Structures are given as structure tokens and as C-alpha cells.
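The following paragraphs lead through one protein structure, from a single cysteine outward to the chain as a whole. The reader is invited to keep the sequence and the coordinates in view.

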Amino acid sequence: MALVTLGSRVIVSTCGLFGLGTALISMTACSDPTTILAVVVDSAVVLSIGVDPDPTRTYEADRTGIDPGSALTELGVAGLPIDVAWYPLSYVCDDARGERLTVQLTRPDPRMADHGFSPGTGRLHCSQTLMRYLVIRNLG
């Protein structure tokens with residue numbers, strides 16, 4: 001996989017290394033640099049108070065500690081219709097559950113279970129700030 005960033009936008013392709021954020025993590029030589037297979041993402045820190053995910057098409061990761069870049073790339077390559085994702089930056093609930101990557105699709109898709117996600121909103125209310133990953137183009 002390869003990653004190209006411009007500001008906070010990220011393009012993930014099928015060669016080299018990848019990730020999300022505002023900094024270029026790695027770029028390696030590609031045999032076909034025009035093969036873009038995953039997602040174009042715009043990331044930003046947002047307040048959780050304005051986030052209102054649609055519970056009919058929102059999924060939370062089954063475990064904590066998931067790298068959002070890797071997860072969104074995997075979902076994009078699988079052809080899942082990603083709309084937006086959130087990751088808690090300041091999880092404050094006093095529980096053992098912990099922060100979870102939450103992904104909203106453009107429509108419900110049961111294949112999310114194959115990738116370690118279950119229906120749910122990831123307890124986004126347990127964080128005052130979130131990293132929002134807005135998928136501009138899903139090329140899977």
C-alpha cells in the first residue's frame with residue numbers, strides 16, 4: 001500500500017505502507033502507482049456533542065486499540081460503503097470497555113461482522129473530542 005497526503009487528506013493505494021493523519025507515514029516504489037484501491041479521507045478533530053450517528057448503519061469495533069488507518073483501509077478494500085468514522089480522543093467513561101473505532105456506512109452491511117465490527121455507536125458520548133475520518137471517496 002502507498003500513502004499520499006495533502007494537508008489532512010489521505011490517499012491509500014495498493015502498494016507501499018499506509019496510514020491516516022496529516023503527516024506522510026511512508027511511501028515506497030509501486031509497480032503500478034495508478035492503482036488506487038482504498039479510500040480518500042479527510043481527518044479532523046471534532047467535538048462529540050455534534051455527532052449523531054445513524055444507529056441503523058453504524059458499527060463499533062469489537063476491541064480497543066484498532067489503528068483507524070489500517071481498519072478503514074481494510075474496510076475500503078473489502079468494498080464496504082464507508083461514509084464516516086470516529087475515534088475517541090478523550091475517553092472519560094469509567095468502565096473496562098474503552099474507546100472503540102466507530103464506522104458509519106452509507107447503508108447497512110452485515111459483512112462488517114467479518115471485519116470485527118458489531119452494530120453500535122461505540123459510546124461516542126464517552127469522549128469530549130473525536131478524530132473524525134470523513135471518507136471523500138471509497139474506491140474499493
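**A disulfide and its surroundings**

Cys126 is buried, since its relative accessible area is 0%. The model under discussion is a predicted one, and a search of the whole structure finds one disulfide in it. That disulfide is formed by Cys126 and Cys93, with 1.8 Å between their sulfur atoms. The torsion about the S-S bond of Cys93 and Cys126 is about -80 degrees, and the disulfide is therefore left-handed. Distant parts of the chain are linked by this pair: Cys93 belongs to the loop between E5 and E6, Cys126 to the loop between E7 and E8, and 33 residues separate them. Unlike the buried Cys126, Cys93 is partly exposed, because its relative accessible area is 22%.

The overall arrangement can now be set out. The protein has one helix and eight strands, and from the N terminus on these elements follow the order β-β-β-β-α-β-β-β-β. Of the 140 residues in the protein, 44% are buried. Among contacts with a separation of 6 or more, 69% are between residues 24 or more positions apart.

Confidence varies along the chain. The mean pLDDT of the protein is 76, with 69% of its residues at 70 or more. Over residues 1-9 the pLDDT is below 50, although this stretch has 49 contacts in the model beyond near neighbours in sequence. Residues 12-38 likewise have a pLDDT below 50, and this stretch has 79 contacts in the model, again beyond near neighbours in sequence. Where pLDDT is low, the predicted coordinates should not be read in detail.

Strand E4 is a suitable place to begin with the sheet. In a regular strand the side chains alternate between the two faces of the sheet. In E4, residues 58-61, Thr58 and Glu60 point one way while Tyr59 and Ala61 point the other way, and all are buried. Which strands pair with E4? Strand E6, residues 102-105, pairs with E4 in the antiparallel sense over three bridges, and in this pairing Tyr59 stands opposite Val103. Strand E7, residues 117-119, also runs antiparallel to E4 and is joined to E4 by three bridges; here Glu60 has Ser118 as its bridge partner.

Within strand E6 lies Thr102. Is Thr102 buried or exposed? Thr102 counts as buried because its relative accessibility is 0%. A polar atom of the Thr102 side chain lies 3.4 Å from the backbone oxygen of Thr121. Leaving aside neighbours within four places in sequence, Thr102 is in contact with Thr58, Tyr59 and Glu60, with Val84, Ala85 and Trp86, and with Gly120, Thr121, Gly122 and Leu124.

Val103, the partner opposite Tyr59, leads into the interior. Not counting residues up to four places away in sequence, Val103 touches Arg57, Thr58, Tyr59, Leu72, Leu75, Ile82, Val84, Ala85, Met112 and Phe117. In soluble globular proteins, nonpolar side chains tend to be buried together. The largest nonpolar core in this model has 19 residues, and those with the most contacts inside it are Leu75, Ile82, Leu101, Val103, Met112, Phe117 and Tyr133. The elements giving two or more residues to this core are E4, H1, strand E5 (82-88), E6 and strand E8 (129-138). A second, separate core has six residues, among them Val46, Val51, Val84 and Leu130.

Helix H1, one of the contributors to the largest core, spans residues 68-77 and is mostly covered, with seven of its 10 residues buried. The buried residues in H1 are Pro68, Gly69, Ala71, Leu72, Thr73, Leu75 and Gly76. Pro68, placed in H1, is buried because its relative accessible area of 10% falls under the 20% cut-off. Although Pro68 and Arg100 are 32 residues apart along the chain, 9.8 Å separates their C-alpha atoms. H1 is followed by Gly79, which has a positive phi near 85 degrees.

Key:
Residues are numbered from 1 along each chain as its sequence is written. This is a predicted model: local features need pLDDT of at least 70, side-chain atom pairs count only at pLDDT 80 or more; totals for chains, interfaces and linings use all residues. Side-chain values use heavy atoms; hydrogens and water are left out. Buried means under 20% relative accessible area, exposed over 50%, partly exposed in between (1.4 Å probe, protein chains only). Helices (H or I, at least four residues) and strands (E, at least two) are DSSP runs, numbered from the N terminus. Two strands pair if DSSP finds at least two bridges between them. A polar contact is a pair of N or O atoms within 3.5 Å; within protein, one must be able to donate a hydrogen and the other to accept it, and residues adjacent in sequence count only if both atoms are side-chain atoms. Contact means heavy atoms within 4.5 Å. A nonpolar core is a set of buried Ala, Val, Leu, Ile, Met, Phe, Trp, Tyr and Cys residues joined through side-chain atoms within 4.5 Å. pLDDT is the predictor's confidence in each residue, from 0 to 100. A disulfide is a pair of cysteine sulfur atoms within 2.5 Å.
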